[in-house]
Amino acid sequence: MKKKVLSILLGGSLVLTFGVEKSKSIDINKSFSIEGSLTNSYQYAILNNEVKKDENVDNGIKGATALDLGLNFHPTKRDEVQVTLSYAAGNEWNKVGDDVFHVTPNGDDLEDDLMQINGRNRNNLLEAWYKREFNLPNDVSLGVTLGIIDATAYIDDNAYANDELTQFMNNAFVNNPVANLPSYDLGGVVELSKGNVDVKALAMNPKGYNYYALQIAYNLNTPLGEGTYRVYGFITSKDFANWNNSTNEALKGVGISIDQELFNNVGGFLRLGWQSDKAQVNFTGFYSAGVHLNGKLWDREKDEAGIGIGYLNGGKKSP
């Protein structure tokens with residue numbers, strides 16, 4: 001399968017991004033499958049003169065190629081093992097200083113991201129986890145996942161803005177920046193489902209601190225169509241400096257992620273997030289919204305298009 005993604009990021013500088021993604025899934029047998037995707041992406045940046053001087057860069061095109069491989073094994077109907085590997089060449093504009101792009105213009109894991117992942121002396125291995133499902137009384141389903149996991153697969157998910165390969169490339173629309181979601185570290189998730197309600201409790205151990213999150217989601221069928229409404233909260237251990245550096249503080253905040261069908265072949269998404277600025281944080285809030293268009297609207301049902309807008313609210317305190 002081949003998909004193309006085009007995104008435009010406006011700010012103090014302008015970045016045009018174009019990507020082509022090819023994916024293939026192979027079922028070895030009923031229990032084992034391999035899925036791979038090859039992504040080529042290019043970003044053209046028009047930077048202001050101050051940025052070019054500070055970062056010693058100039059306007060132009062930067063590209064990257066990424067190969068993602070997923071190995072999935074179901075030894076039984078209730079057990080699942082997943083291993084995800086990624087290889088990349090190039091970093092596009094993601095490695096320009098944080099003062100230029102507070103949120104990376106490409107949310108994919110590129111060359112430098114895949115070396116010494118999270119300071120763990122591990123390259124290319126993104127995920128390696130085991131999941132067990134249980135059927136509880138009263139039609140309650142319980143799933144427990146342990147291993148090297150990615151918090152973005154469980155918290156702040158969204159049907160229309162959650163995949164940097166096939167939806168929005170810019171990291172602001174992949175997940176909420178102020179949710180501080182860690183990826184590719186040791187952790188566990190407990191998922192409880194009953195009817196239209198889904199509850200996820202996550203704990204992870206990124207290097208230097210612990211991260212905990214709880215999300216409640218409700219799937220709703222409306223006259224407009226199907227929608228999912230999520231609310232979550234997170235907190236970390238007290239391992240972050242406060243603004244006067246006298247004591248350590250925890251990161252903590254809440255968020256909302258909504259996707260809703262609006263009418264035939266059109267959907268909408270809304271994300272809201274806030275975090276405390278007792279610890280040193282660049283932003284206290286993020287708000288985004290957008291629409292998803294299916295290609296059936298113009299007689300090309302394999303096409304998809306998304307339009308989104310987002311706003312980051314700066315911290316109220318300063319050092």
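This is a short presentation on the strands, cores and side-chain contacts of one protein chain.

Good morning, colleagues. Please keep in mind throughout that the model is a predicted one. I shall begin with the overall composition. The protein chain has 17 strands and one helix. It comprises 319 residues, of which 44% count as buried. If we take the contacts between residues at least 6 apart in sequence, 52% of them join residues at least 24 apart. The exposed surface of the chain amounts to about 16,900 Å², and carbon and sulfur atoms supply 54% of that area.

Let me turn to the strands, starting towards the N terminus. Strand β3, residues 32-46, pairs with strand β4, residues 60-76, in the antiparallel sense, and 14 bridges connect the two. Within this pairing, I34 stands opposite L71 of β4. Strand β4 is also joined to strand β5, residues 79-89; these two run antiparallel, with 10 bridges. Here L69 has L85 of β5 as its bridge partner. The connection is a hairpin, with two residues between β4 and β5.

A second run of strands deserves the same attention. Strands β9 and β10 pair in the antiparallel sense over eight bridges, and the bridge partner of L202 is A213 in β10. Their hairpin has six residues between the strands, and G208 in this hairpin takes a positive phi near 100°. Strand β10 in turn runs antiparallel to β11, joined to it by 12 bridges. One facing pair is N221 and E226, the latter in β11. Two residues lie between β10 and β11 in the hairpin that they form.

These strands bring us to the interior. Which residues touch the most other members of the largest nonpolar core? That core has 18 residues, and the ones in question are I149, Y154, I155, L181, L202 and Y211. Strands β9 (197-204), β10 (211-222) and β11 (225-236) each supply at least two residues of this core. A second core, separate from this one, has 10 residues, V103, Y160, F269 and F286 among them. Returning to I149, and setting aside residues up to four places away in sequence, we find that I149 touches W129, Y154, S183, Y184, D185, G187, G188, V189, L202 and M204.

I now come to the charged pairs. The structure holds nine salt bridges, and I shall discuss a few. In one of them, the side chains of D79 and R132 meet at 2.6 Å, N to O. Because D79 lies in strand β5 and R132 in strand β6, residues 125-136, this pair ties together parts that are 53 residues apart in sequence. How do the partners stand with respect to burial, buried or partly exposed? D79 has a relative accessible area of 7% and is buried, whereas R132, at 27%, is partly exposed.

Another salt bridge joins the side chains of D156 and R271, at 3.0 Å, N to O. This pair links distant parts of the chain, 115 residues apart: D156 is in the loop between β7 (140-150) and β8 (183-194), and R271 is in strand β15, residues 266-275. Both D156 and R271 are buried.

The side chains of D157 and R230 also meet in a salt bridge, at 3.4 Å, N to O. D157 lies in the loop between β7 and β8, and R230 lies in strand β11, so parts that are 73 residues apart in sequence are tied together by this pair. D157 and R230 are buried as well. What is the wider setting of this pair? Salt bridges with shared partners join D157, K200, R230 and D259 into one network.

I close with a polar residue, Q275, which is placed in strand β15. Q275 has a relative accessible area of 10%, so it counts as buried, the limit being under 20%. What does the side chain of Q275 reach? It makes a polar contact with the side chain of N180 at 2.8 Å, and it reaches the backbone oxygen of F283 at 2.7 Å. Apart from neighbours within four places in sequence, the residues in contact with Q275 are V178, N180, F234, K252, G253, V281, F283 and T284.

Thank you for your attention.

Terms used:
Residues are numbered from 1 along each chain as its sequence is written. This is a predicted model: local features need pLDDT of at least 70, side-chain atom pairs count only at pLDDT 80 or more; totals for chains, interfaces and linings use all residues. Side-chain values use heavy atoms; hydrogens and water are left out. A nonpolar core is a set of buried Ala, Val, Leu, Ile, Met, Phe, Trp, Tyr and Cys residues joined through side-chain atoms within 4.5 Å. Buried means under 20% relative accessible area, exposed over 50%, partly exposed in between (1.4 Å probe, protein chains only). Helices (H or I, at least four residues) and strands (E, at least two) are DSSP runs, numbered from the N terminus. Contact means heavy atoms within 4.5 Å. Two strands pair if DSSP finds at least two bridges between them. A salt bridge is a side-chain nitrogen of Lys or Arg within 4 Å of a carboxyl oxygen of Asp or Glu. A polar contact is a pair of N or O atoms within 3.5 Å; within protein, one must be able to donate a hydrogen and the other to accept it, and residues adjacent in sequence count only if both atoms are side-chain atoms. Accessible areas come from the Shrake-Rupley method with a 1.4 Å probe; for residues, only the protein chains shown count as cover.
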